[in-house]
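Hi,

Here's the structure I said I'd pass along. Have a look at it first, and my notes follow underneath.

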Amino acid sequence: MKAIVEHIISELCPVYSEEEARELAYWIVEYTTGMTRTEILFSNQKKEIPNLTTILDQLRKYTPIQYIFGHTDWMGLRLKVTPATLIPRPETAELVEWILSTCDNNAPLAITDIGTGSGCIAIALKKKCPMWHVQGIDISAEALKVANENAAHNGVELEWIQADILVPISNNLFSNTDIIVSNPPYICNREKVDMDARVLDYEPHTALFVPDDNPLLFYRRIASMKAAKSLYFEINEAYGQEVCDMLKELGYTDIQLKNDIYGKARMVFGRIEK
């Protein structure tokens, strides 16, 4: 199998770095054969890779491998992903871990995930904390369908609600909500020129971009509702201080700006009296 891995790497290296090509090669072989990386390295087995030519053609066009195979593994969860949903990122896992480390995992807390997409945040929280009541809100019916499938696949029950957070919505959606978490659109349109084609050409723009003149659009809207005692946001690293200042203006306290493992300001917390 090592020979197949090296073949895939050689086919992808004109488009990807050697490191990226190697990771993609192992991803393909592991998924299609069911072998572990150790088995691939040391086994003399020879297995065919179905549709390898098609897979390589798609990768050369920068199609994310998660969309090619229709899933990703994230925080111990197998999650379906489609072009209607963002691919869960490592920094989003850090946001989930932050919530888990700062909240009572055994209390019957009510959590609302705004802009839930694939449902990754909501499902991960519910999986770790079965006592919590978790609901996910998204504007996209297609995304919510994926989220519902992901919840069922991972053995948790959640409530899914289709709503546009930017228009007036019923306060009943947030009755007794303790925590709102959100990873909303936060990339300015002007940043498109610097983006990887795998993101720009394939992932849903409605989940990515905000107007250049209003980068805090979703954060301000969510925070202004004052619908929960606590907020956890994933943010654009360029606007960490602005998000904190905005929360302070709206009356939030105990505001915290947290770096990810790469030292980038990517998460914000705030608390308010309801």
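**What I found**

Just over the halfway mark: buried residues make up 51% of the 274 residues in the protein. Keep in mind that this is a predicted model.

On the overall build, there are eleven helices and eleven strands. The radius of gyration comes out at 20 Å, close to the 19 Å that the globule rule gives for 274 residues, so the protein is as compact as a globular protein of that length. The C-alpha trace spans about 65 × 40 × 35 Å along its principal axes. Of the contacts with a separation of 6 or more, 62% are between residues 24 or more positions apart.

Now for the inside. The largest nonpolar core has 33 residues, and the ones touching the most other members are Leu125, Trp132 and Tyr232. Elements giving two or more residues to this core are the helices α6 (90-102), α7 (120-128) and α8 (141-153), plus the strands β2 (77-80), β6 (179-182) and β11 (265-271). Apart from this core lies another one, of 27 residues, with Ile137, Ala163, Leu216 and Met246 among them.

Tyr232 is worth clicking on. Leaving out residues up to four places away in sequence, Tyr232 touches Leu95, Trp98, Ile99, Thr102 and Cys103, along with Ile179, Ile180, Val181 and Ser182, and also Val268 and Phe269.

As for the outside, the protein exposes about 13500 Å², and carbon and sulfur atoms supply 49% of that. On charges, I get 27 positive and 38 negative, with their mean positions 3 Å apart.

Cheers

Definitions and conventions
Residues numbered from 1 in each chain as written. Predicted model: local features only at pLDDT ≥ 70, side-chain atom pairs only at ≥ 80, totals over all residues. Heavy atoms only, no water. Core = buried A, V, L, I, M, F, W, Y, C linked by side-chain atoms within 4.5 Å. Buried < 20%, exposed > 50% of the residue type's maximum accessible area, 1.4 Å probe, protein only. Helix = DSSP H or I, 4+ residues; strand = E, 2+ residues; numbered from the N terminus. Contact = heavy atoms within 4.5 Å. Rg over C-alpha atoms; globule rule 2.2 N^0.38 Å. Areas by Shrake-Rupley, 256 points an atom, 1.4 Å probe, with all protein chains shown as cover. Lys, Arg positive; Asp, Glu negative; His and termini not counted. Charge placed at Lys NZ, Arg CZ, Asp CG, Glu CD.
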